[in-house]
Amino acid sequence: MAKVTRTSSRKSDHIRINLEEDVRSKTNTGLERYSFEHQALSELNLDEVDLSIQVLGKTLKAPLLISSMTGGTKEATTLNLRLAEGAQAAGIAMGLGSQRAAIEDAALAPTFQVRKVAPDILLFANLGAVQLNYGYSAAECQRAVDMVEADALMLHLNALQEAVQPEGDVNWSGLLKKIEAVCKALAVPVVVKEVGYGISGQAARQLARAGVAAIDVAGAGGTSWTQVEMHRAESESQRRLAAAFADWGIPTAESIRQVSAAAPKLPVFASGGIRSGVDIAKSIALGASLGGMASPYLKAADQSAAMVAQTIAEVSRELQVCMFAAGAGDIAALQATELVQYS
């Protein structure tokens with residue numbers, strides 16, 4: 001039970017630190033280097049610009065993802081329900097935080113269960129991939145999916161975060177074969193995501209061969225989990241180790257480019273420092289299918305479900321106006337739109 005208590009306590013720390021501290025990566029996303037060519041005569045009706053897209057067999061009203069954040073604590077229950085209400089109303093996708101705590105203590109499962117307020121959304125269960133090296137198998141992955149009635153499973157890669165945690169899980173050897181086994185065993189799609197340091201073309205090719213259904217790049221430029229761990233550090237030595245990686249990672253834009261080229265048949269989810277509908281539009285033009293955000297939605301959920309809905313509506317409208325001004329009437333047209341790149 002002590003191990004479960006540490007897991008739950010760590011989740012509470014993560015929520016508090018993300019809400020109270022500046023934990024943004026010192027690396028830019030790279031999206032600022034790209035612009036759309038303005039189309040003064042777009043020949044479009046703004047209100048008819050179509051944001052809908054099909055992802056993993058589900059139709060979304062907009063290519064937006066509430067990125068995986070939280071669960072396993074009392075405050076996470078409220079946050080997840082507010083996030084899910086917003087996702088349901090807007091017809092967008094949502095990822096849950098790591099369910100490891102609830103796998104280890106079934107009493108924590110309700111902190112992740114949101115189907116009662118979001119019966120129709122594209123919902124992602126979530127476990128740390130490294131747990132496959134610490135006793136987990138496809139059985140635990142299936143339990144995570146069943147626990148929340150998820151449409152797919154996200155396995156997150158957080159090697160650097162684990163490396164700077166004093167309690168981190170640092171044996172990552174042979175993990176790819178275990179991911180492949182999970183992909184073969186589960187009836188639902190398996191998505192692999194980073195947590196803020198990007199996925200390279202090499203890793204994307206490996207994951208594609210392993211059978212993953214999509215890749216969430218979660219590039220550098222957003223929340224830096226080494227900075228989060230810096231605020232959790234219990235000694236100056238731990239703090240200095242975490243601080244040394246403040247600018248580590250592949251910028252989000254570069255990671256989208258690499259993954260799209262290396263695994264062209266896989267949907268790419270763009271996340272990592274995305275803060276607006278314009279950022280999402282750029283990401284889609286670079287090769288992504290969805291744009292995920294975490295921190296803006298978390299801060300909104302800390303206030304109310306209505307604020308989550310307002311945030312989603314604002315991001316959706318920014319995306320729609322961007323598409324209108326760029327002359328893209330739907331997502332397929334946006335994916336085919338050339339961006340102007342600045343050095």
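Modeller: Before we start, contact here means heavy atoms within 4.5 Å. And keep in mind that this is a predicted model.

Biologist: Fine by me. What radius of gyration does the protein chain have?

Modeller: Start from the chain length, which is 343 residues. A compact globule with that many residues would come out near 20 Å, and the protein chain agrees with this. Along the principal axes, its C-alpha atoms fill a box of roughly 65 × 45 × 40 Å. The radius of gyration itself is 19 Å.

Biologist: Of the residues of the protein chain, what percentage count as buried?

Modeller: The cut-off for buried is under 20% relative accessible area. The chain as a whole exposes about 14100 Å², with carbon and sulfur atoms supplying 50% of that. Of the 343 residues, the share that counts as buried is 57%.

Biologist: Among contacts between residues at least 6 apart in sequence, what percentage join residues at least 24 apart?

Modeller: For background, the chain has 14 helices and twelve strands. Take the contacts between residues at least 6 apart in sequence, and ask which of them link residues at least 24 apart. That share is 79%.

Biologist: And the charges: how far apart are the mean positions of the positive and negative ones?

Modeller: There are 31 positive and 36 negative charges to average. The two mean positions are separated by 6 Å.

Biologist: On to the strands. How many of the residues of S7 are buried?

Modeller: Look at the two sides of S7, residues 152-157. Ala152, Met154 and His156 point one way, Leu153, Leu155 and Leu157 point the other way, and all are buried. The strand is therefore largely enclosed by the rest of the structure, and its buried count is six of six.

Biologist: Which strand pairs with S7 in the parallel sense over five bridges?

Modeller: One position gives a handle on this pairing: Met154 in S7 has Asn126 standing opposite. The partner strand covers residues 123-128, and six of its six residues are buried. That strand is S6.

Biologist: Which residue stands opposite Leu123 in S6?

Modeller: Leu123 shares one side of S6 with Ala125 and Leu127, while Phe124, Asn126 and Gly128 take the other, and all of these are buried. S6 is joined by two bridges to S5, residues 93-95, and these strands run parallel. Opposite Leu123 stands Met94.

Biologist: Just after S7 there's a loop with Asn158. Leaving aside neighbours within four places in sequence, which residues is Asn158 in contact with?

Modeller: Asn158 sits in the loop between S7 and helix H5 (159-164). With a relative accessible area of 4%, it falls on the buried side of the cut-off. Gly201 is 43 residues along the chain from Asn158, and their C-alpha atoms are separated by 17 Å. Outside its sequence neighbours, Asn158 is in contact with Trp172 and Val195.

Biologist: Now S11. In S11, which residue is the bridge partner of Leu64?

Modeller: S11 (residues 290-293) has both faces covered: Leu290 and Gly292 on one side, Gly291 and Met293 on the other, all buried. It pairs in the parallel sense with S4 (residues 64-66) over three bridges. In that pairing, the partner of Leu64 is Gly291.

Biologist: And in S11, which residue is the bridge partner of Phe269?

Modeller: Here the pairing is with S10 (residues 268-270), again in the parallel sense, over two bridges. The S11 partner of Phe269 is Leu290.

Biologist: Is Gly72 buried or exposed?

Modeller: Gly72 lies in the loop between S4 and helix H2 (74-90). Its C-alpha is 38 Å from that of Val321, with the two positions 249 residues apart in sequence terms. The relative accessible area of Gly72 is 0%, so this glycine is buried.

Biologist: Some backbone oddities to finish. Is Glu43 buried or exposed?

Modeller: Glu43 has a phi near 60°, a positive value in a residue other than glycine. Its place is the loop between strand S1 (34-36) and strand S2 (53-55). The cut-off for exposed is over 50%. Glu43 has 69% relative accessibility, so it counts as exposed.

Biologist: What is the relative accessibility of Leu56?

Modeller: Leu56 also has a positive phi, near 50°. It is placed in the loop between S2 and strand S3 (58-60). Leu56 counts as partly exposed, at a relative accessibility of 27%.

Notes: Residues are numbered from 1 along each chain as its sequence is written. This is a predicted model: local features need pLDDT of at least 70, side-chain atom pairs count only at pLDDT 80 or more; totals for chains, interfaces and linings use all residues. Side-chain values use heavy atoms; hydrogens and water are left out. Helices (H or I, at least four residues) and strands (E, at least two) are DSSP runs, numbered from the N terminus. The radius of gyration is taken over C-alpha atoms; the globule rule is 2.2 Å times the number of residues to the power 0.38. Buried means under 20% relative accessible area, exposed over 50%, partly exposed in between (1.4 Å probe, protein chains only). Accessible areas come from the Shrake-Rupley method with a 1.4 Å probe; for residues, only the protein chains shown count as cover. Lys and Arg count as positive and Asp and Glu as negative; His and the chain ends are not counted. The place of a charge is taken as NZ of Lys, CZ of Arg, CG of Asp or CD of Glu. Two strands pair if DSSP finds at least two bridges between them.
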